[in-house]
Amino acid sequence: MADADPREGPDDQDSEDEVYEVVDLTEYARTHQWWARVFGNNSGPMAEKYSVATQIMTGGVTGWCAGYLFQRVGKIAATAVGGGFLLLQIANHSGYVQVDWKKVEKDVNKAKRHLKKKAKKAAPEINSFIEEVKATDFIKRNIVVSSGFVGGFLLGLAS
């Protein structure tokens with residue numbers, strides 16, 4: 001009878017038959033929220049993590065940036081639409097373009113009816129989407145950041 005190797009412990013003989021734990025991913029996804037998987041477990045409302053001053057500054061700076069960009073893009077879009085309309089009117093007066101206003105009115109009315117019909121069909125889908133998102137819950141949980149963002153956005157529009 002041969003002696004066992006003194007370097008081997010009693011558990012080393014069982015190491016060949018390793019036991020693996022099976023994880024049900026669907027159950028894991030139901031119990032763990034997506035933001036906890038992406039950002040970690042400490043990714044709740046900002047009010048739990050940062051001071052009021054930090055929250056106001058964060059909201060204010062991001063709001064100002066968004067408002068400033070919104071103002072600039074809005075001016076560019078208004079200039080493009082207004083300039084295009086002005087060129088169309090000049091071309092119409094000069095005789096280069098003839099606009100059939102009766103046909104335009106008929107097409108606009110047809111488009112309105114089509115949009116109303118589509119809006120009635122889409123309303124339940126939109127309402128369920130709004131219930132899922134619940135932006136009001138986010139705003140309530142992060143009221144300081146949200147108010148800083150609104151103030152910054154208004155300052156960005158004004159600058």
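Helices are DSSP runs of H or I with at least four residues, and strands are E runs of at least two, both numbered from the N terminus. Residues are numbered from 1 along each chain as its sequence is written. The model is predicted, so local features need pLDDT of at least 70 and side-chain atom pairs count only at pLDDT 80 or more, while totals for chains, interfaces and linings use all residues.

**Exercise 1. Work out the fold pattern and where confidence is lowest and highest.**

Step 1: Start with the elements: the protein has six helices and zero strands. Along the sequence they read α-α-α-α-α-α.

Step 2: Turn to pLDDT, the predictor's confidence in each residue, from 0 to 100. The protein has a mean of 75, with 61% of its residues at 70 or more.

Step 3: Confidence is lowest in helix α2 (residues 34-39), at a mean of 54, and highest in helix α3 (residues 52-94), at 89. Where pLDDT is low, the predicted coordinates should not be read in detail.

**Exercise 2. Find which helix gives the most to the nonpolar patch, and classify Phe149.**

Step 1: List the members. Phe70, Phe149, Val150, Leu154 and Leu157 make a nonpolar surface patch of about 460 Å².

Step 2: Helix α6 (residues 143-158) contributes the most, with four residues. Phe149 lies in this helix, α6.

Step 3: Phe149 counts as partly exposed because its relative accessibility is 34%; buried means under 20% relative accessible area, exposed over 50%, and partly exposed in between (1.4 Å probe, protein chains only).

Step 4: Set this beside the whole protein: of its 159 residues, 9% count as buried.

Methods:
Side-chain values use heavy atoms; hydrogens and water are left out. Patches are made of residues with over 30% relative accessible area and no salt bridge: like charges are joined within 9 Å, nonpolar side chains (Val, Leu, Ile, Met, Phe, Trp, Tyr) within 5 Å. Accessible areas come from the Shrake-Rupley method with a 1.4 Å probe; for residues, only the protein chains shown count as cover. A salt bridge is a side-chain nitrogen of Lys or Arg within 4 Å of a carboxyl oxygen of Asp or Glu.
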